[in-house]
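Hello,

I am passing a structure on to you, and I hope you enjoy looking through it. Please open it first, and then read my notes beside it.

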Amino acid sequence: MRIKICGITRVQDARSAARAGADLIGLNFYPASPRYVGQLDVAALLAAIEPPAVPVAVTVNPKKRELDDLLAAGPAVGQRPFRVVQLHGDEPASLADWLIRRGAKVIKAFRVSGEDFAEEVSAWLAELGDATGLLAVLLDTGAVSGSQDVPTGGRPPAVHRHGHRGRQY
């Protein structure tokens, strides 16, 4: 099992999450989110995420230019490139493939809404084809880019599993 803590905006929280054993720590780059880190000192947040914890750039419908900035070492990301990107919008599988071809690992989030979400997830995974760079699929019951809601009762319909356990970040 892997643990991802998302929405970190304070250095002390990033440090605490890493020291508590979080595997992945999400920094939100979606401007409409109250947890958006664009105006914060991203370099300080990244410095506080001590290995083996890995920072995750959480995005919603990003442009390739924005993703290039997150994947490249530079001042916008505190001189430390992101190796894991979470796509939390309506991104096509081709964007995940584009990231994977650039050496990134991808977490793809899907909003659980309606009865056909499992088919949507399966179709997206089939479009992706080679899922070797797909780190995880996240099923979110809430709003775009995170939610405090927890599903109650029942299990979601089965989604075919792609990828392998124990993959390195």
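Below is what I found, starting with the sheet and moving on to two of the helices.

Please keep in mind that this is a predicted model.

The sheet is open and built from six strands, with parallel pairing and the order 1-2-3-4-5-6. Strand 1 (4-6) and strand 6 sit at the edges, each pairing on one side only. On average, neighbouring strands are turned by 25° against each other, direction ignored. At one end of that order, strand 5 and strand 6 pair in the parallel sense over six bridges. Have a look at Arg-111 there: its bridge partner in strand 6 is Asp-140.

Now to helix 3 (residues 64-71), where Leu-67, Leu-70 and Leu-71 are buried. Why do they lie on the same side of helix 3? They cover an arc of only 95° around the axis, and that puts them on one and the same side. In general, an α-helix has 3.6 residues a turn, so residues three or four places apart point the same way. The cover over the buried residues of helix 3 includes strand 3 (54-59), strand 4 (84-87) and helix 4 (93-101).

Helix 4 has its own buried residues: Ala-93, Leu-95, Ala-96, Trp-98, Leu-99 and Ile-100. These pack against helix 3, strand 4, strand 5 (105-111), helix 5 (117-128) and strand 6 (134-140). Helix 4 lies across strands 4, 5 and 6, and runs at about 175° to strand 4. After helix 4 comes Gly-103, with a positive phi near 95°.

Best wishes

Notes:
Residues numbered from 1 in each chain as written. Predicted model: local features only at pLDDT ≥ 70, side-chain atom pairs only at ≥ 80, totals over all residues. Heavy atoms only, no water. Buried < 20%, exposed > 50% of the residue type's maximum accessible area, 1.4 Å probe, protein only. Helix = DSSP H or I, 4+ residues; strand = E, 2+ residues; numbered from the N terminus. Arc of directions from axis to C-beta. Contact = heavy atoms within 4.5 Å. Pairing = 2+ DSSP bridges. Axes fitted to C-alpha atoms, helices over the stretch in contact; angles between N-to-C directions.
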